[in-house]
Amino acid sequence: MSVKIAPSLLAADFGNLQRDVEMVNQSEADWHHIDVMDGVFVPNISYGMPVVKAIAEYATKPLDVHLMIVDPDRYIKNFATLGAEILTVHYEACTHLHRTLQAIKAEGMKTGVALNPHTSVNLLEDTIRDIDLVCLMSVNPGFGGQSFIENTYTKVRALKELIVSKNSNTLIEIDGGVTSINAKSLRDAGADVLVAGSFVFKSANPTQTISDLKQIAG
Ligand code: DX5
Ligand code: ZN
């Protein structure tokens, strides 16, 4: 399987959201990455249901929804209704992660768990077989355009080992500071999905940048 690219619409031009969603549709990207921030779990507020609904209306690829919010259980049904294919919650925001994962599955979505840079992958030892995707944060969540944290490579390798040892099919996604400089090394370490916001949308030719990332990572 080749690497999946998930452009993060957080870096899109919100005044031309339809145009940018359609750019992703027509590109070699695999998923639309959608970042929801509540200003409590993270210091920033991004967008909520009405904007996700507008994105869903134009998007033709799977919606990879990343919730950076406290108590995400309250909104699982809403995101299922909006058409999320993967719903990712933060490990740090879930007191009863196992229950949350079952609730996501019960709504027919794939389960995702995101880990902040300080959170060890070993904490997923007992839930990994219930997780379709682990999103390793390679920046502190809350903002686009930050620099990649180098310790992420160690985490990718450790997570890959855990997944293999538990005979699980979990995908590894990397989110934050992904560029053409680190894409190949991340892939070699075991990453399956690369999220890229600024690197794609701030480039002169986003469609070409998506294609280049896919090519480089392989
Ligand atoms: C950060 C978000 C990311 C962000 C990545 O909190 O989860 O998805 O948009 O942006 P870049 O690629 O610019 O670091
Ligand atoms: Zn994200």
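These are my notebook entries on helices, strands, hollows and a few single residues in a predicted model.

**Entry: helix α5**

I began with helix α5, residues 152-165. How far apart should its ends be? I worked with 1.5 Å a residue, so the 14 residues of α5 should span 20 Å. The end C-alpha atoms are 20 Å apart, which agrees.

Next I looked up which residues of α5 are buried. I found Thr-152, Tyr-153, Lys-155, Val-156, Leu-159, Leu-162 and Ile-163. I noted a rule that helps when reading such a list. An α-helix has 3.6 residues a turn, so residues three or four places apart point the same way.

What covers the buried residues of α5? I listed β5 (110-115), β6 (133-137), β7 and α6 among the elements that do.

**Entry: Thr-152**

I then picked one residue of α5, Thr-152. Is Thr-152 buried or exposed? Its relative accessibility is 4%. The cut-off for buried is under 20%, so Thr-152 counts as buried.

I also looked up its contacts, leaving out residues up to four places away in sequence. Thr-152 touches Met-137, Ser-138, Ile-174 and Leu-186.

**Entry: the cavity**

Thr-152 came up again when I turned to empty space, as one of the residues that line the largest cavity. Rolling a probe the size of a water molecule over the atoms shows where empty space is left.

How many cavities of 30 Å³ or more does the structure hold? I found one. About 40 Å³ of space lies in the largest cavity. Its lining is made of Pro-117, Met-137, Ile-149, Asn-151, Thr-152 and Lys-155. I sorted that lining by class: three residues are nonpolar, two are polar and one is charged.

**Entry: the pocket**

I looked up the largest pocket next. About 310 Å³ of space lies in it. How many residues line the largest pocket? I noted 25. Those nearest its centre are Phe-143, Gly-144, Gly-145, Gly-176 and Gly-197.

I sorted this lining too, and got twelve nonpolar, ten polar and three charged residues. Three elements, β2 (32-37), β8 and α7, each supply at least two residues of the lining.

**Entry: strand β8**

Since β8 helps to line the pocket, I followed that strand. In a regular strand the side chains alternate between the two faces of the sheet. Which residues of β8 lie on each side? Val-193 and Val-195 are on one side, and Leu-194 and Ala-196 are on the other. Both faces are covered, and these residues are all buried.

I then looked for the partners of β8. Strand β1 runs parallel to β8, and four bridges join them. In this pair, Ile-5 stands opposite Leu-194. Strand β7 (residues 171-175) also pairs with β8 in the parallel sense, over three bridges. Here Glu-173 stands opposite Val-193.

**Entry: helix α8**

Helix α8 covers residues 206-217, twelve in number. I found 16 Å from its first C-alpha to its last, close to the 16 Å expected at 1.5 Å a residue.

Its buried residues are Pro-206, Thr-209, Ile-210, Ser-211, Leu-213, Lys-214 and Ala-217. I looked up what covers them, and the answer includes β1 (4-7), α1 (17-26), α6 (183-189), β8 (193-196) and α7 (198-201). Just after α8 comes Gly-218, with a positive phi of about 75°.

**Entry: positive phi outside glycine**

Most residues other than glycine have a negative phi, and most peptide bonds are trans. I noted two residues with positive values.

Asp-71 has a phi of about 45°. I found it in the loop between β3 (63-68) and α3. Its relative accessibility is 38%, so Asp-71 counts as partly exposed.

Asn-167 has a phi near 55°. It sits in the loop between α5 and β7. Asn-167 is exposed because its relative accessible area is 65%, and the cut-off for exposed is over 50%.

**Entry: Ala-80**

My last look-up was Ala-80, in helix α3 (residues 76-82). Which residues does Ala-80 touch, not counting those up to four places away in sequence? I found Glu-107 and Met-109.

I also checked one distance. Ala-80 and Arg-129 are 49 residues apart along the chain, and their C-alpha atoms are separated by 21 Å.

Terms used: Residues numbered from 1 in each chain as written. Chains lettered and ligands numbered in written order. Predicted model: local features only at pLDDT ≥ 70, side-chain atom pairs only at ≥ 80, totals over all residues. Heavy atoms only, no water. Expected span 1.5 Å × (residues − 1). Buried < 20%, exposed > 50% of the residue type's maximum accessible area, 1.4 Å probe, protein only. Contact = heavy atoms within 4.5 Å. 1 Å grid on protein atoms, 1.4 Å probe; cavity = no way out; pocket = protein on both sides within 12 Å on 5 of 7 lines; lining within 4 Å. Points joined across faces, edges and corners; volume = space filled by probe spheres on them. Nonpolar A, V, L, I, M, F, W, Y, C, P; charged D, E, K, R; others polar. Pairing = 2+ DSSP bridges.
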